[in-house]
Amino acid sequence: MPEPTFTSRRGLLFGAAAVSAGALVTGCTSNEPSGGDEPAADNQPAADDKPGKQVTIGFAGPQADHGWLNAINDNAKKRAEKYSDVTLESTEGSNDTAQQIGQIETLINKKVDVLVILPADGKALTQVGLKAMRAGIPVVNLDRIFNTPQAYRCWVGGDNYGMGLNAGHYIGEKLKDKSDAKVIELAGLDNLELTKQRTQGFDDALKNYPNIRKVARQAAEFTVESGQAKMAQLLQAQSQFDALWNHDDDQGVGALRAIEQAGRDDFLMVGGAGALSAFEAIKADNGVLKATVLYPPTMAASAIDLARALGQGKGIGGLAEFEIPSSVTCYSAVVDKENVDQYMPTGFR
């Protein structure tokens, strides 16, 4: 069965069968000028802050029942407000897949120019992404990925494996001179693929440090309550260890309560995601929390930028291609006392 081809309002084709190999080679590698004395790349339109063509962006995300998800919504709205040429049509947000599908179908019927979708469930919402693309509405798929690239024009999201990798290397460098160092891990929900990816990255990083052993792991549920309960269990079971990586700063609030209640301060802790409370604790530097690894909610602002560029038929400044990329993976930077002031404005509550 041939792959479907989707046509955007710009008349561009999306799908593997839409672009010939020759066109790809010419577009990516040719040094021939397109006319005049300047290479084509020097003349390409790139998105900037100057007002341009009016673009209506439909934004659909899940219910903001977590600090990070609330920050996603805030970042999208604030970024859209920055541009006088952008109108943002936002849904209320729902964790019910049927309801979110209905909300997205409403945006499709309104004929928005571009859709930004953070699905409650990527697999369950793949068909509505395909429906939008077939209707000529390009989709920016935010973080939770659809089952097929045919359901989106561009994916932008975080790097779960990179979170674990960078957390492991940060801890590894801190403990590399300590003999028989022990670390423990407070993970998120184990039934989520992202949790497995974070753990895999962490384990892979620790393989570079033969003096370090991971001696315990507990899975919490990305909530303050579960973080406190599971951390209390870890502390009771492990009388001595040197470092802790906690996957999520929201559950880290509970973990820190358990640590304080146990009177423990004999190890270093690294968090995850980038909550304001974590940044403030790192800056104060009067407890065990010394760093956190970002899973930046600013990706929603980037999704709005990408959607605006799509709607205006522009590429991205600093890149030679005429089109925006097909995927953008946000880096999971480590924030510690040295750079926390830089990241403080991005912290979420």
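## Exercises on two open sheets and their helices

Strands S12 (residues 268–273) and S13 pair in the parallel sense through five bridges; helices and strands here are DSSP runs (H or I of at least four residues for helices, E of at least two for strands), numbered from the N terminus, and two strands pair if DSSP finds at least two bridges between them. The model is predicted, with pLDDT of at least 70 needed for local features and 80 or more for side-chain atom pairs, while totals for chains, interfaces and linings use all residues. Residues are numbered from 1 along each chain as its sequence is written, and side-chain values use heavy atoms, without hydrogens and water.

**Exercise 1. Describe the surroundings of strand S13, and state why it is largely enclosed.**

Step 1. Take the S12 side. Met269 stands opposite Leu289 in S13.

Step 2. Take the S16 side. S13 and strand S16 (residues 334–336) run antiparallel and are joined by three bridges. Here Thr292 stands opposite Val335.

Step 3. Check burial, where buried means under 20% relative accessible area, exposed over 50% and partly exposed in between (1.4 Å probe, protein chains only). Five of the six residues of S13 (residues 289–294) are buried, so the strand is largely enclosed by the rest of the structure.

Step 4. Add the connection. S12, helix H10 (residues 276–284) and S13 make a right-handed β-α-β unit. Right-handed means that, with the strands pointing away from the viewer, the path from the first strand over the helix to the second runs clockwise.

**Exercise 2. Place S12 and S13 in their sheet, and find which helices pack on that sheet.**

Step 1. Write the strand order. The sheet is open, has six strands in the order S10-S9-S11-S12-S13-S16, and its pairing is mixed.

Step 2. Mark the edges. Strand S10 (212–219) and S16 are the edge strands, each pairing on one side only.

Step 3. Give the twist. Neighbouring strands are turned by 20° against each other on average, direction ignored.

Step 4. Look at one more pair. Strand S11 (residues 243–246) pairs with S12 in the parallel sense over three bridges, and Ala243 stands opposite Leu268 in S12.

Step 5. Add the helices, with contact meaning heavy atoms within 4.5 Å. Helix H8 (residues 224–237) packs on the sheet and touches strand S9 (181–187), S10 and S11, its direction making about 155° with that of S9. H10 also packs on the sheet, touching S13 and S16, and its direction makes about 140° with that of S13. Axes are lines fitted to C-alpha atoms, for helices over the stretch in contact, and angles run from 0 to 180 degrees between N-to-C directions.

**Exercise 3. Describe the sheet that contains S8 and S15, then the packing of helices H4 and H5.**

Step 1. Write the order. This open sheet of six strands reads S5-S4-S6-S7-S8-S15, with parallel pairing. Its edge strands, S5 (86–90) and S15 (327–329), each pair on one side only. The twist averages 20° from one strand to the next.

Step 2. Inspect the S15 edge. Strand S8 (residues 154–157) and S15 run parallel, joined by three bridges. Val156 has Val328 as its bridge partner in S15.

Step 3. Add H4. This helix packs on the sheet and touches strand S4 (55–60), S5 and strand S6 (114–117), with its direction at about 170° to that of S4.

Step 4. Compare helix with helix. H4 (residues 97–109) packs against H5 (residues 126–134) at an angle of about 5°, with the axes 10 Å apart. H4 is therefore roughly parallel to H5, a label for angles under 35 degrees (over 145 is roughly antiparallel, 65 to 115 roughly perpendicular, the rest oblique). Ile101, Ile104, Glu105 and Ile108 of H4 meet Val128, Lys131 and Ala132 of H5.

Step 5. Check H5 for burial. Its buried residues include Val128 and Ala132. Gly136, with a positive phi near 85°, follows H5.

**Exercise 4. Which residues that are not glycine have a positive phi, and are they buried or exposed?**

Step 1. Asp143 has a positive phi of about 65°. Asp143 lies in the loop between strand S7 (139–142) and S8, and is buried at 12% relative accessible area.

Step 2. Ala273 has a positive phi of about 110°. Ala273 is in strand S12, and is buried at 6%.

**Exercise 5. How many disulfides does the whole structure hold?**

Step 1. Apply the criterion: a pair of cysteine sulfur atoms within 2.5 Å. The search finds zero.

Step 2. Look at two cysteines. Cys154 is buried at 0% relative accessible area, and Cys330 counts as buried at 13%.
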